[in-house]
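Got your viewer ready? Here is a short walk through the inside of this structure, with a selection to make at each stop.

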Amino acid sequence: MNDISVAKPNRDGRPRMKKETVIDVAGLTPDAAKWSRIFDFLVVGAVVTLFMGAMHLHVMLTVGDWDMFTDWKDRQYWVLLYPISAIMFPAALQAVFWTYFRLPIGATVGGVLLLLAVWITRIVQWHVWAGFPFSMMLPSVILPGAILMDVVLIVCGNGLFAAIFGGWLFGFTFWPANYEALALAYMPVNFHGTMASVSDMVGYTFLRSNMPEYLRIIERGTLRTFGGQVAWISGAFSAFICIIMHFLWWNLGVAMSTVKFVPNGKRMLALMGMKAPSATKAATASALPNTTLLPLA
Amino acid sequence: MATVFSNDIVPAPGTRSAKKPPFTVSFNAFIVAVMSIAAVAVMYRSYQQFFALSKGLDATSVDFATYWLPVFRLELPVLFGAGIACWSYLLLTRDKALEKVTPVVELKRYFYLTMWLVAYSFAVYWTGSFFAEGDGMWHQTVLRDTPITPSHIVLFYACIPMYLFFGIGSFIYAMTRIPAFCRGISVMHVFAVVGPFLIMPNLGFNEWGHAYWLTEEIFSHPLHWGFVMLGWAALGLPGVLMQILGRMRELVPVVFGSRGDL
């Protein structure tokens, strides 16, 4: 069997979706398919753990201040900066998955890995170690925007449109995607005769070493409403920057997943019993790697 | 998938002997490595739970000198010593006839290199995510007094040497045992290893800045952007995986034969 179409149908007449049919298409023997699948699992292990670490570190050290506590999730800078930073790795992952494997899952994978990494630390570090309540440490969620970004990629089929429409949606949907979880925190309360929000109250109760608030860049707007239009304005501006960020990081993702070599020195080659290539052969790229995987056409 | 092949050392498919032993790869060392990383991380986190807030708040206290300084003094030589021993072993036991590596052996070595990279990635996770945000929690709760805190003792001086062990190990393994990685230095492998490696020296800038410039721990402060940019180098890993994948696509039909040979 060399074609998926010749696989025997099931009793109900639908095409049989068995592993053998995929193996037939790939031309792999059962042994080869088994080891290929083992290799896949290893790659998944590497990608999941590495990008959980790298993405979380990146987001934490660029916009982590706004993400840590509900009372620091302001409508000016959190809504503006978080998507701009959080889109970078999902855009790069989207580029790698799409360019080489035609898998429109990169942004969603990035969103899931980031959320998973953040939740683990919120539970084990913040709550178990220092006793911060969960209601104070809800992480920002980028998943809806990431899914939309992947949907745009499926529909449009190229990185430029994924940047223009997907990147824009990623930034603009950040605020509504997070509002559901934070709506209660924005409720106004009377605190000693002064109007405050519920998240402010939680913040007054659980003091942190980096308070008072003026040490950080919390909003300095004049339209101090509870939620309201200002968050959407920040979201719209963020969406604009996200387009540029997506474009830059898509190309960075492609560049970083390209196979590149620098010729090794004669002495190093001799150490491993290898002969140095001739001068003309060394000058060509084919003399270095055995194989180059090219992007899908 | 469009692929460019240059079959300079790959025999033609179908030349495999029918009586060849089955292809096997040992996962023992890999499982031990991953379990060891997890065990070390859990052990450190448990130690923090018991002794960080109770004995580690004041770097000048007797308790700190009893419970935390010995950990700091012990872990650096142990972890770097283990690293140097492992790297030296890999170098000294290198394959001195890389031109003659058979496809079966080469394929096995690609599996082992991928295992090195998984272990490296796993160690990076504990550093970049788990203990890094734990350090954020520490600073928001306790502030800093010196560069040696119960959080830093784990994050900077244990976790970073741990992923360096596997990162540099993967690089030496590839260069000493796999022909393609010996013939040319993989630029993306250099990025994936050297970028996170440079986080260690960047600690000097970070601690200098916190000591003289900005004692408050604002996470998004430019003082921390060195860590961020060096973390971006992790994006080089897909490049390494692409190289492995490309070569494996050539080796698999040779080692296992194709459907037509059955």
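## Stop one: the second cavity

Start with the second largest cavity, which has a volume of about 40 Å³. Keep in mind as you go that this is a predicted model.

To see the walls, select H56, V59, M60, G64, D67 and M68 of chain A, then add V118(A), R122(A) and E133(B); together they line this second largest cavity. On the chain A side, α2 and α5 (106–130) are the elements that give two or more residues to the lining. Which element gives the most? Colour α2(A) and you have the answer, with 6 residues. Now switch to colouring by residue class: the lining of this second largest cavity shows 4 nonpolar, 2 polar and 3 charged residues.

## Stop two: the largest cavity

Zoom out for a moment. How many cavities of 30 Å³ or more does a search of the whole structure find? It turns up 3, and the largest of the cavities holds about 300 Å³ of space.

To centre your view there, pick L57(A), L61(A), T127(B), A132(B) and F227(B), which lie nearest the centre of the largest cavity among its 26 lining residues. Next, show the helices around them. From chain A, take α2 (30–68); from chain B, take α4 (103–142), α5 (150–177), α7 (187–212) and α8 (225–232). Each of those helices supplies at least two residues of the lining. The largest share comes from α4(B), with 6 residues. Colour by class once more, and the lining of the largest cavity splits into 15 nonpolar, 8 polar and 3 charged residues.

## Stop three: a long-axis view in chain B

Stay with chain B and select α1 (residues 28–55) along with α5(B): they pack at an angle of about 175 degrees, their axes 11 Å apart. Angles over 145 degrees count as roughly antiparallel, so that is the label for α1(B) and α5(B).

Put sticks on the contact. From α1(B), show A33(B), I37(B), V40(B), Y44(B), Q48(B) and A52(B); from α5(B), show P150(B), S151(B), V154(B), A158(B), M162(B) and F166(B). By class, the contact of α1(B) with α5(B) has 10 nonpolar residues, 2 polar and no charged.

## Stop four: two helices in chain A

Jump to chain A and select α3 (residues 77–86) and α4 (residues 88–101), whose axes come within 4 Å and cross at roughly 30 degrees. Is the pair roughly parallel or roughly antiparallel? With that angle, α3(A) is roughly parallel to α4(A).

The residues to show here are I84(A), S85(A) and A86(A) on α3(A), facing M88(A), F89(A) and P90(A) on α4(A). This contact of α3(A) with α4(A) has 5 nonpolar residues, 1 polar and no charged.

## Last stop: the hairpin

Finish on strands β1 (residues 188–191) and β2 (residues 194–197) of chain A, which pair in the antiparallel sense over 4 bridges. Check the register by eye: F191(A) is opposite T194(A), and V189(A) is opposite A196(A). With 2 residues between them, β1(A) and β2(A) form a hairpin. Click on H192(A) in the turn before you leave: its phi is positive, at about 50 degrees.

Technical notes: Residues are numbered from 1 along each chain as its sequence is written. Chains are lettered from A and ligands numbered from 1 in the order in which they are written. This is a predicted model: local features need pLDDT of at least 70, side-chain atom pairs count only at pLDDT 80 or more; totals for chains, interfaces and linings use all residues. Side-chain values use heavy atoms; hydrogens and water are left out. On a 1 Å grid over the protein atoms alone, a cavity is a set of points where a 1.4 Å probe fits but cannot get out, and a pocket is an open set with protein on both sides within 12 Å along at least five of seven lines; lining residues have an atom within 4 Å of a point. Grid points are joined across faces, edges and corners, and a volume is the space filled by probe spheres set on the points. Ala, Val, Leu, Ile, Met, Phe, Trp, Tyr, Cys and Pro count as nonpolar, Asp, Glu, Lys and Arg as charged, and the others, Gly among them, as polar. Two strands pair if DSSP finds at least two bridges between them. Axes are lines fitted to C-alpha atoms, for helices over the stretch in contact, and angles run from 0 to 180 degrees between N-to-C directions. Angles under 35 degrees count as roughly parallel, over 145 as roughly antiparallel, 65 to 115 as roughly perpendicular and the rest as oblique. Contact means heavy atoms within 4.5 Å.
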